[in-house]
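The following exercises are intended for a reader new to this structure. Each task is followed by a solution in steps.

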Protein chains: 2
Amino acid sequence: MENHRSLCPVNLMTEIVGDKWSFLILRDIMFYDKHYFNELRQSEEKIASNILTDRLNMLEREGLISKRPDPAHKQKVIYSLTEKGIDLLPLLVEAIKWSLKYEPVDMEKYKPAVDILVDSAKLQEELRKQLTEDLLPI
Amino acid sequence: MENHRSLCPVNLMTEIVGDKWSFLILRDIMFYDKHYFNELRQSEEKIASNILTDRLNMLEREGLISKRPDPAHKQKVIYSLTEKGIDLLPLLVEAIKWSLKYEPVDMEKYKPAVDILVDSAKLQEELRKQLTEDLLPI
């Protein structure tokens, strides 16, 4: 079982995606086109540097994101979603739908995330294509 | 903002649903027809009693589950999903799909959760109907 609490599909998702912070990192790469550590640090939720480092390592270890050196700045690293990470898009879309129905979402501030629902199928397809292009070598 | 880290729809879902254990409790009520504390205690992931109590209180406070006295056993309490809780079904379905694609799901042991995908729309409708009936007074 490799330290899994169980091989239940719901449980496995929670173990692999991890926790609240991981969802926000995935959100930022998916909807806000953030690819650098310093960009990911800037979110409204104020993630601490050490937590961000920890979660990026975890997401990479679990195969949800990959990193490569930035050709323009050798010290910098670019983070992208893998196919496995991109495939969490429908789950995040359901999360957004649910929050819009029940919670006090700030629709202006979080327009890129809310917009995915306007024409969900079409926008998901476009976003998926764009995210997949990020996977290609520059 | 009532202590929300942000009013982002992805963030709000993670704050309200909470953590890994909350997802498992929702799973057990949704797919395993568990309605009593002692039933919810029995999951393979071995949730501790104090964590279960804490998460049930949180899910109730957030309006995802409701409780009522068991007419057959006055000391016992029956937990059911509310409409808000039932509406997390599509999110859990996406989690199950994703895990089936990428993780070592035990399909035999977790058949009720996996089966939801066989004819997802139809089964979701049936399950939703059944869960909603749980809301009615006995």
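**Exercise 1: A salt bridge in chain B**

B:Arg55 has a relative accessibility of 16% and counts as buried, where buried means under 20% relative accessible area, exposed over 50% and partly exposed in between (1.4 Å probe, protein chains only). The model is a predicted one, in which local features need pLDDT of at least 70 and side-chain atom pairs count only at pLDDT 80 or more, while totals for chains, interfaces and linings use all residues. Residues are numbered from 1 along each chain as its sequence is written, chains are lettered from A and ligands numbered from 1 in the order in which they are written, and side-chain values use heavy atoms, with hydrogens and water left out.

Task: With which residue does the side chain of B:Arg55 meet in a salt bridge?

Solution.
1. A salt bridge is a side-chain nitrogen of Lys or Arg within 4 Å of a carboxyl oxygen of Asp or Glu.
2. The partner of B:Arg55 is B:Asp54, at 2.7 Å from N to O.
3. B:Asp54 is partly exposed, its relative accessible area being 41%.

**Exercise 2: A link between distant parts**

Task: Determine which residue forms a salt bridge with A:Glu44, and where the two lie.

Solution.
1. A:Glu44 forms a salt bridge with A:Lys109, with 3.2 Å between the closest N and O atoms.
2. A:Glu44 is in the loop between helix H3 (37-40) and helix H4 (49-61) of chain A, and A:Lys109 is in the loop between H6 and H7 of that chain, 65 residues apart. Helices (H or I, at least four residues) and strands (E, at least two) are DSSP runs, numbered from the N terminus.
3. A:Glu44 is partly exposed at 27% relative accessible area, and A:Lys109 is partly exposed at 47%.

**Exercise 3: An aromatic pair**

Task: Explain why the pair of A:Tyr32 and A:Tyr110 is classed as it is.

Solution.
1. The structure holds four aromatic pairs over all chains. Rings of Phe, Tyr and Trp (its six-membered ring) pair if their centres lie within 6.5 Å; planes under 30 degrees apart count as stacked, over 60 as edge-to-face and the rest as tilted.
2. The ring centres of A:Tyr32 and A:Tyr110 are 6.4 Å apart and the planes stand at 85 degrees, so this pair is edge-to-face.
3. A:Tyr32 belongs to helix H2 (residues 20-32) of chain A and A:Tyr110 to the loop between helix H6 (89-102) and helix H7 (111-115), so the pair ties together parts 78 residues apart in sequence.
4. A:Tyr110 is buried at 5% relative accessible area, whereas A:Tyr32 is partly exposed at 23%.
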